[in-house]
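Hello,

Here is the structure I promised to pass on to you. Have a look at it first, and then read my notes below.

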Amino acid sequence: MGFSMRFGSFFFVSLFFLVLAACSVNTTPDVSGSGPVTILGDTGGNPYEYAALHAELKASGRQVRLGGCNSACTMLTSLPNACLIRGTRFGFHASNLNGRFNALSAEYLTPVIRQRFLSTWGKSREMTKLTAEEMVALDPALKLCNAML
């Protein structure tokens, strides 16, 4: 077997394991420790992982400060101890994979936000962005964070 054939085989096997590892990476933010949790600039990820994170944070009772949160991360806005950081944006869009993710994501939104997501925002793959202030104006069940915690 020549060098180029061995290198080619090694390359494809390495690429396979790299892709496999990337697919198994948890996309949710690390919330280990105690005390308040601050999540900034989160681009989202797998809605099932965010559903599990939602359950973990809800059970912990910890304060959750959200800012710059898109896609599946917006599922965390309905946590009872969540607040939205002023001046940050929250993005909603249709699932990139399939409609069942839209339904799962919607389950974790407040009723007002859920209705808007299912009727409008969740129908387009283009991101609909709202500021924290716009989110609270649309749904007073959501809260803005105090300036300093």
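Let me begin with Ala103, which lies in helix H3, spanning residues 99–107. Please keep in mind that this is a predicted model. Is Ala103 buried or exposed? Neither word fits: its relative accessibility is 42%, so Ala103 counts as partly exposed, because that class lies between the 20% limit for buried and the 50% limit for exposed. You can also find Arg114 from here: it is eleven residues away from Ala103 along the chain, and the C-alpha atoms of the two are 9.5 Å apart.

Next, the inside of the protein. The largest nonpolar core is made up of 28 residues. Those with the most contacts inside this core are Val64, Leu66, Leu76, Leu84, Phe90, Phe92 and Met135. Several elements each supply at least two residues of the core, among them strands E1 (37–42) and E2 (64–70) and helices H4 (111–119) and H5 (132–138). The largest share, four residues, comes from H2.

Met135 is a good residue to click on. Setting aside neighbours within four places in sequence, Met135 is in contact with Thr77, Leu84, Phe90, Phe92, Ile113, Leu130 and Leu142.

Finally, the strands. How do E1 and E2 run? They are parallel, and five bridges join them. One pair to look for is Val37 with its bridge partner in E2, Val64. Between the two strands the chain passes through H2, and this β-α-β crossover is right-handed.

Enjoy exploring!

Best wishes

Notes
Residues numbered from 1 in each chain as written. Predicted model: local features only at pLDDT ≥ 70, side-chain atom pairs only at ≥ 80, totals over all residues. Heavy atoms only, no water. Buried < 20%, exposed > 50% of the residue type's maximum accessible area, 1.4 Å probe, protein only. Core = buried A, V, L, I, M, F, W, Y, C linked by side-chain atoms within 4.5 Å. Contact = heavy atoms within 4.5 Å. Pairing = 2+ DSSP bridges. Right-handed = clockwise from strand over helix to strand, strands pointing away.
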